[in-house]
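Trainee: I would like to learn how to read a model with several chains, beginning with one chain and then moving on to the places where chains touch. Could you take me through it step by step?

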Amino acid sequence: MVGELTWSRRLVGLWLPLTLLFVFALFPFAWMAATSLKANAELYDPTANPLWIRHPSLVHYIDLFKETNFVVWIGNTMLVATVSTVISLLLGVMLAYPLARMRFPAAGLLAITVAVTYLVPQTLLFVPMADLINRMKLGDTLTAVMLTYPTLLVPFCAWLLIGYFKTVPKELEEAALIDGASRWRAMTRVILPLCTPGFLSAGIFAFTLAQNEFLYALLFLNTSTIRTVPVGVTGELIRGDAFYWGQLMAAAFLGSLPVVLIYSFFVKYYVAGLTAGSVKG
Amino acid sequence: MSTNPVLEAARPATRAVPAGRPFRLREWLEREAVFSWLMLTPPLLFLLAFLGYPFCYGVYLSFVKRPVAQPATFVGLGNFVNLWNDAIFWQAVWNTFRFTAAATVLKLVGGLGMALVMHQNFKLKGMTRALLLLPFIVPTVLSTVAWQWIFDPGMGMFNRLLMFFDLVKQNQGPSWLGNPTLAMVSVILVNTWRGLPFFGITILAGLQTIPDELMESATIDGAGTWARFRYVTLPLLMPVIFIVTTFSIIFTFFDFQLVYVLTGGGPANATHLMATYAYSVGMSSGQLGMGSAAALAMVPVLGVVLLMMSSYVRRA
Amino acid sequence: MQTRRQFIQRGTKLVAAGAVATAAGPTILVRDAKAAGQLKILQWSHFVPAYDKWFDPWAKEWGSKRGVEVTVDHVGFADVVPRATAEVAAQSGHDVHMFLGLASAFEEHVIDLKDVVATLEKKHGKQVELAHRSTYNPFTRKQFALSDMWVPDPGNYHKEVWTKIGKPQGPVTYDDLVWAAPEVKKVAPQMQIPIGVGLSQDIDSNMAVRNILWCHGGSIQDKDGNVVLNSPETLAALEYAKKLYSVGMTQAVLSWNAASNNQAFNAQETSYILNSISAYRTAQDNKLPVLEHYYFVPALKGPKATLASEHVMSGYVVWKFSKNQDVAKEFLVALVDAARESMLASKLYNFPSFYGAAAEPGTPVNKRAESGGAWITAQCNKDPFGSNPPDKLALLAKSVPWSTNLGHPGFGNPAEGEIFDTYVLTDMFAKAATGALSPKDSMMEASTRAKQIFDKWRQKKMVPGGGKDK
């Protein structure tokens, strides 16, 4: 913003809205944390002050680790999200690079086809998908979700990467070709390294979607030890006629931490890729 | 379906090798079309197998009557006719529109505001940005369960607070998920909570790419704050806004987890979206054909929405 | 078509191989679906968690004695039906699938368990009538499921509050609830939903509204499978629900899930709910303050009947696509035999469907039901899981006469199953109670939906009746 702001304008223009944003964005986490630290007797006591923890207790966390496979779920989620992100990025690059930088027959048709894939609802796919998974004898394995998640992620990766690839001037590639490099070399040595922020951005976006996925995990994964966090938590901590609120909130809180850690490192790059393509291209 | 677009497109390129010259692999590979299609083949095969095949199969299902694992009988448009006459389906369609429209507008306006606020100099900016992004990155199911607990009529945070400040009498707080209107508002609120940071952070990144000189020259030309925003900032932001809005509309339109976990479509279908309704018809009552038809109905609807949006943006 | 499929398969295999190679790690299980020597069971996550801790190792141990590898997977109760749909559609998954309501909608996809029931009846005597009516289709003469247990559904009331309003023994009739609602609000202002009967799309509500309907003399079908929902009795039940809603409930009950009534009761925010004893066990586990006021009453008396739906009716099916059907049948026999262990492991939540299976060892067949009944009564009269007073649950031992099956007064046929799964009745009650529709319109709407569903199944020759639909 241009110009010196006075103290009062800074209060109204910055600190006040910022505080409101903070409260709005973060109070559910505070409520999660507070709930997870209250023992059940206090939790269900209507006379207790909701905002105060009288007797902080780690009992829900202890139960979560002792009684459930929570740690395994976290590990599974990270593994599945990482693998499906890597697959999606690889396939995404192969799709995006020609579409963004090459001229070839049927390019227009292909671009439309890829665009249409965004519109396919998961709810239409899961029954046929289950069939496919079973025929490949992958039922109830993490491989099943590692293979199906990229169908959700590749189109978005490709979209983001196309935008990013377009920002790199064509002359760079032409210069490399004139110097005698093959197209493959020009791509891997010249263009792709320039696009690292784009990869990070697409990768993080894909990772977020993958660790968040619920429907396929719900239908493809049975065994408790191969579940992901969203399915494990809802499947085993909501027991029909009793919600284990304390444990649920502990799980929600802890389940959020790994992604938060990852984001705190990469948040800078995350948005760079999202905007690069659209602003300049 | 019998011809393969991949092979079809590759063929002319192969034939185009000039006669008389020895065929040289390296040269051939360097052709733009050949190189492109070599690159494109693996991802296309993957998508064909894991997206194309299930999609076609799903479309086929929507034209048959197949009460789980029965030999299917072809009913043509029968499933769609049934849907057309199904009041709950229309309610779900209407709900999906209301939900998507309201949530998108709220996220867009809120996100724009968030970006403008954050586009100032202050300490700990990086950390602020990371913290405000939290709602977007936490797995939806987990945060939605937390919201369910917040909305709980007796022991939820909202009603406890209302009671604590004596705004309502004991246990007379509103039923956030029980009243049909409030339930829809609650669902929209949670979706907005989750998506707003995505808008905010992305638009902020867009703001940062606008060169300061532009702003300065606009100021010198006598443009006020509003005029600068309206005629300099906003037009330059349009591409970013278009991307986030499109992403968001797609995800909001297909949203399943949020409603599935928070209300299950209730009370009395007041919050059923097309995705949750398709699931409940197809899976919970075992009518795969109807379920597929309900899911397939989302495709053209969303397609039209997105087309309208992009044509509007192109005109603007 | 042939070549296309091969092409796709080759493609997917390639990709799969690549992905597996990329992802190689110890936690990836590529399970080979070896058919022989395996038994895969899908169960709900039991409402009393202690039960699962017994069941899983018990089943595995049974398997190791029998020389088969038993796997038990649990899903939340709401995912039991969707999961069944998915597995049937894919024609693969588990061998044995447990339903907790009616499995009848899946009748075509499961094998006939007549021989299992015959074996068990020879061993233990007859099963309780409501279990029979929930697992057998007399029209197709198929035993599509086997019930090892069922769960009574008593009323839970807050004794302190009901004492204050002059009824220390709790409600007896449906009219008592309407009378008590305003009184409860007076003595306990925190109870803004004094009568916590859900009217939402969930299982507890689904049973509660059936209770109200039956006790007013109405029902969906008659005993021969004719749809008779359109009746003055149904209207009376709806009028009653409307009255009860206006004095005793708020909109919150329209969105209650299966946990809400328990939670409200455990937080002392309601004075009466309809539920099995799982909520009570939760209160015990957490030593909640409500515990000393937590008491039970049998089904309430209505103008025409005194009936309550079972709360859970296990229905184990064996899929036609299973390659281990014989082992599966043996397993089901063993499970019924373990009636005592099952009842104790579930803290008296499960009641055996074959009372005779709980008999003293060595009792002759014709005396077994009686002997088993005596053992069950002994458990209820002196709760081994720390009730105070110890006979708090005594009424459960006498619950058979007032318990009935979904589909009452007929059998739990596929149409009844679908009406249950699609919440036709809860919608009818909710609309009438809140005034969204008049009781009459609401009844007509539900009656039309019910008749459509029945007709659909009649066309498939799986449901009788139709001649005398109203």
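Trainee: How many helices and strands are there in chain C?

Mentor: A sensible start is to list the secondary structure elements, keeping in mind that this is a predicted model. Chain C has 17 helices and 15 strands. The radius of gyration of chain C is 24 Å, close to the 23 Å that the globule rule gives for 470 residues, so chain C is as compact as a globular protein of that length.

Trainee: What does the C-alpha trace of chain C span along its principal axes, and which percentage of the 470 residues is buried?

Mentor: The C-alpha trace of chain C spans about 75 × 50 × 50 Å along those axes, and buried residues account for 59% of the 470 residues. One may also look at how contacts run along the sequence: of the contacts in chain C between residues at least 6 apart, 74% join residues at least 24 apart.

Trainee: Turning to the interfaces, how many residues of chain A are in contact with chain B?

Mentor: The size of an interface is often given as the accessible area lost when the parts come together. Here we count residues instead, and 70 residues of chain A are in contact with 81 residues of chain B. Several helices of chain A each supply at least two residues to that side, including helix H1 (7–36), helix H4 (70–101) and helix H13 (245–280), and H13(A) gives the most, with 17 residues. By class, this side of chain A has 52 nonpolar, 16 polar and 2 charged residues.

Trainee: And which elements of chain C give two or more residues to the side that touches chain B?

Mentor: In that interface, 34 residues of chain C are in contact with 29 residues of chain B. The elements of chain C that give two or more residues are helix H1 (2–23), helix H3 (80–90), helix H15 (414–421) and helix H16 (424–434), and the largest share, 6 residues, comes from H3(C). By class, the side of chain C that touches chain B has 15 nonpolar, 13 polar and 6 charged residues.

Trainee: Within a single chain, how is chain A divided into domains?

Mentor: Domains can be read in a similar way, by their bounds and then by their contact. Chain A is divided into domain 1 (1–57) and domain 2 (67–280), and 32 Å separate the centres of these two domains of chain A, taken over C-alpha atoms. Their contact takes 7 residues from domain 1 of chain A and 6 residues from domain 2 of chain A.

Conventions:
Residues are numbered from 1 along each chain as its sequence is written. Chains are lettered from A and ligands numbered from 1 in the order in which they are written. This is a predicted model: local features need pLDDT of at least 70, side-chain atom pairs count only at pLDDT 80 or more; totals for chains, interfaces and linings use all residues. Helices (H or I, at least four residues) and strands (E, at least two) are DSSP runs, numbered from the N terminus. The radius of gyration is taken over C-alpha atoms; the globule rule is 2.2 Å times the number of residues to the power 0.38. A residue is buried if 20 or more other C-beta atoms lie within 10 Å of its own, exposed if 12 or fewer, and partly exposed in between; C-beta atoms are placed from the backbone. Two residues are in contact if their C-beta atoms, placed from the backbone, lie within 7 Å. Ala, Val, Leu, Ile, Met, Phe, Trp, Tyr, Cys and Pro count as nonpolar, Asp, Glu, Lys and Arg as charged, and the others, Gly among them, as polar. Domain bounds come from an automatic or database domain assignment.
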